[in-house]
Amino acid sequence: MGKDTIADIITYIRNADRNRKRMVRITSNNITDNIVKILLREGFIENVRKHQEKDKYFFVLTLRHRRNRKGSYRPIFNLKRISRPGLRIYSNYQRIPRILGGMGIVIISTSRGIMTDREARLERIGGEILCYIW
């Protein structure tokens, strides 16, 4: 992993989805834990297991794939990193973007933790826009 752990998580999942891999292994930390919980709750991944090797912990994610589809392969979901270490993007709760008219989600880092755009609007708090998932 590099300096930007959120971008690394997004890249691991995106690459595994495009290569039709069913399982992804990512390192475990607090930010990763919160993002994985959101992805599981929103139905973007099927299962999460915590795995330990020596003194390091990893998450093993089981991705959701289309089954019995003919023709060309299209990824199940798209991920896009918005705020990055060189350019932070902040928004109040009224200006949080809606992805595909509410079909996608925006993951936001707020003062009350990492949450989705719907939860932030309900609690009327803004924060740093981490990524879009649709």
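R118 is partly exposed in this predicted model, because its relative accessibility is 36%, a value between the 20% and 50% cut-offs. The side chain of R118 forms a salt bridge with E42, and the closest N and O atoms of the two are 3.2 Å apart. This pair joins distant parts of the chain, since R118 sits in helix α3 and E42 in helix α2, 76 residues apart. E42 also counts as partly exposed, with a relative accessible area of 27%.

A second contact links these two helices. E119 forms a salt bridge with R41, with 3.0 Å between the closest N and O atoms. Here the acid is in helix α3 and the base in helix α2, so the pair E119 and R41 ties together parts that are 78 residues apart in sequence. Both residues are partly exposed: the relative accessible area of E119 is 25%, and R41 has a relative accessibility of 49%. Side chains of opposite charge can pair when their charged atoms come close.

Helix α2 also holds a salt bridge of its own. D33 pairs with K37, and their closest N and O atoms are 3.6 Å apart. The two residues are four positions apart in helix α2, so about one helical turn separates D33 from K37. D33 is partly exposed at 24% relative accessibility, and K37 is partly exposed at 47%. In the whole structure, a search finds nine salt bridges, among them the three described here.

Helix α2 spans residues 30–42 and packs against helix α1, which spans residues 5–18. The angle between α1 and α2 is about 40°, and their axes are 10 Å apart. An angle of that kind falls outside the parallel, antiparallel and perpendicular ranges, and the two helices are therefore oblique to each other. The crossing of α1 past α2 is right-handed.

Helix α3 covers residues 117–123, and E123 belongs to it. E123 is partly exposed, because its relative accessibility is 37%. From E123 to Y93 the C-alpha to C-alpha distance is 8.6 Å, while the two residues are 30 apart in sequence.

The loop between α3 and β8 contains R124. Phi of R124 is near 60°, which is a positive value in a residue other than glycine. R124 is exposed, because its relative accessible area is 58% and the cut-off for exposed is over 50%.

L100 likewise has a positive phi in a residue other than glycine, with a value near 55°. L100 lies in the loop between β5 (90–91) and β6 (105–110). With a relative accessible area of 57%, L100 is exposed.

L100 is also part of a nonpolar patch on the surface, which it forms with M103 and W134. Together, L100, M103 and W134 have about 360 Å² of accessible area. W134 lies in the segment after β8, a strand that runs over residues 127–133. Unlike L100, which is exposed at 57%, W134 is partly exposed, because its relative accessible area is 32%.

Definitions and conventions
Residues numbered from 1 in each chain as written. Predicted model: local features only at pLDDT ≥ 70, side-chain atom pairs only at ≥ 80, totals over all residues. Heavy atoms only, no water. Patch = residues over 30% accessible without salt bridge, like charges linked within 9 Å, V, L, I, M, F, W, Y side chains within 5 Å. Areas by Shrake-Rupley, 256 points an atom, 1.4 Å probe, with all protein chains shown as cover. Salt bridge = Lys/Arg side-chain N within 4 Å of Asp/Glu carboxyl O. Buried < 20%, exposed > 50% of the residue type's maximum accessible area, 1.4 Å probe, protein only. Axes fitted to C-alpha atoms, helices over the stretch in contact; angles between N-to-C directions. Parallel < 35°, antiparallel > 145°, perpendicular 65-115°, else oblique. Left-handed = near helix turned anticlockwise from the far one by under 90°.
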